[in-house]
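Biologist: Got a minute to walk me through this one? I'd like to go over the fold and the charged pairs.

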Amino acid sequence: MIEKNLLKDEDIFNFLKDEFGYPAVDPTHFTITPDVLKLIPQELAQENKVLPLFLIENVLTIATSDPTAIIALDDLRAKLKIKFDVMLCLPGKLDEAIEAL
C-alpha cells in the first residue's frame with residue numbers, strides 16, 4: 001500500500017500514534033534549551049532518530065518518528081541513565097529539527 005502511494009506519511013503517523021498511544025508533536029515548534037540539548041548529543045540524536053525536547057522533574061521528553069525502535073529507545077535509556085517520555089512526530093519534521101541544532 002505504501003509503494004502504491006495508497007498510504008501517506010500522515011496516515012502511517014496517525015496509525016502509529018493511535019497504536020502506541022504516544023502524543024503527537026511538531027518538534028520544529030520547540031525552542032530547545034542548551035542544557036536539554038546536552039543530554040543527547042546531535043550525533044546520538046541522528047543515530048537513534050530522537051530529539052530531546054524538554055526536561056521536567058528529571059524526566060526528559062523526546063520526540064521520535066519510529067516508536068517501533070524499542071531496542072534503540074532501550075539503548076538510549078541505558079546510555080542516558082534518565083527517565084524519558086516519548087512523543088511521536090513525522091520523520092521529515094524530526095530530521096528538520098535535528099538538522100537545525
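Modeller: Sure. Keep in mind that this is a predicted model.

Biologist: Okay, strands to begin with. How do strand 1 and strand 2 run, and how many bridges join them?

Modeller: Strand 1 and strand 2 are antiparallel, with six bridges joining them. As one example of the pairing, valine 50 has threonine 64 of strand 2 as its bridge partner.

Biologist: And what about strand 2 and strand 3, parallel or antiparallel?

Modeller: Those two are parallel, again over six bridges. The chain gets from strand 2 to strand 3 by way of helix 4, and that β-α-β crossover is right-handed. Within the pairing, leucine 60 sits opposite phenylalanine 84 of strand 3.

Biologist: Is strand 2 mostly covered or mostly open?

Modeller: Mostly covered: five of the six residues in strand 2 are buried.

Biologist: Back to the hairpin of strand 1 and strand 2. How many residues are between the strands?

Modeller: Two residues. Glutamate 57 is in that loop, between strand 1 (50-56) and strand 2 (59-64), and asparagine 58 lies in the loop too.

Biologist: What's the phi of glutamate 57?

Modeller: It's near 50°, so a positive value in a residue other than glycine. Asparagine 58 also has a positive phi, near 60°. For background, most residues other than glycine have a negative phi.

Biologist: Is asparagine 58 buried or exposed?

Modeller: Exposed, because its relative accessibility is 61% and the cut-off for exposed is over 50%. Glutamate 57 is exposed as well, at 73% relative accessible area.

Biologist: Let's go inside. Which residues of the largest nonpolar core touch the most other members?

Modeller: Ile40, Leu51, Ile62 and Leu76, out of 22 residues in that core. Helix 3, strand 1, strand 2, helix 4, strand 3 (83-88) and helix 5 each put in at least two residues.

Biologist: What does isoleucine 62 touch?

Modeller: Leaving out residues up to four places away in sequence, the contacts of isoleucine 62 include Ile40, Leu51, Leu53, Leu73, Leu76, Phe84 and Val86. Asp85 is on that list too.

Biologist: And helix 5, which residues are buried there?

Modeller: In helix 5 (residues 91-99), the buried ones are Leu94, Ala97 and Ile98. Viewed down the helix axis, the buried residues fall within an arc of 100°, so they line one face of helix 5.

Biologist: What does that face pack against?

Modeller: The buried residues of helix 5 pack against helix 3 (42-48), strand 1 and strand 2.

Biologist: Switching to charges. How many salt bridges are there in the whole structure?

Modeller: The search finds four. One of them pairs lysine 79 with glutamate 47, with 4.0 Å between the closest N and O atoms. Lysine 79 is in helix 4 (residues 70-80) and glutamate 47 is in helix 3, so that pair links distant parts of the chain, 32 residues apart.

Biologist: Are lysine 79 and glutamate 47 buried or exposed?

Modeller: Both lysine 79 and glutamate 47 are exposed.

Biologist: Which residue does aspartate 95 pair with?

Modeller: Lysine 49, and the closest N and O atoms are 3.0 Å apart. Aspartate 95 belongs to helix 5 while lysine 49 is in the loop between helix 3 and strand 1, so this salt bridge ties together parts that are 46 residues apart in sequence. Aspartate 95 is partly exposed at 28% relative accessible area, and lysine 49 is partly exposed at 37%.

Biologist: Where do arginine 77 and aspartate 74 lie?

Modeller: Both are in helix 4, three residues apart, which is about one turn of the helix. They form a salt bridge too, with the closest N and O atoms 3.4 Å apart. Arginine 77 is partly exposed at 34%, and aspartate 74 is partly exposed at 41%.

Biologist: Last one, up at helix 1. How far is glutamate 10 from phenylalanine 84 in space?

Modeller: 25 Å, C-alpha to C-alpha, with their positions 74 residues apart in sequence. Glutamate 10 is in helix 1 (residues 9-20), and at 42% relative accessibility it counts as partly exposed.

Conventions: Residues are numbered from 1 along each chain as its sequence is written. This is a predicted model: local features need pLDDT of at least 70, side-chain atom pairs count only at pLDDT 80 or more; totals for chains, interfaces and linings use all residues. Side-chain values use heavy atoms; hydrogens and water are left out. Helices (H or I, at least four residues) and strands (E, at least two) are DSSP runs, numbered from the N terminus. Buried means under 20% relative accessible area, exposed over 50%, partly exposed in between (1.4 Å probe, protein chains only). The arc is that of the directions from the helix axis to the C-beta atoms. Contact means heavy atoms within 4.5 Å. A salt bridge is a side-chain nitrogen of Lys or Arg within 4 Å of a carboxyl oxygen of Asp or Glu. A nonpolar core is a set of buried Ala, Val, Leu, Ile, Met, Phe, Trp, Tyr and Cys residues joined through side-chain atoms within 4.5 Å. Two strands pair if DSSP finds at least two bridges between them. A crossover is right-handed if, with the strands pointing away from the viewer, the path from the first strand over the helix to the second runs clockwise.
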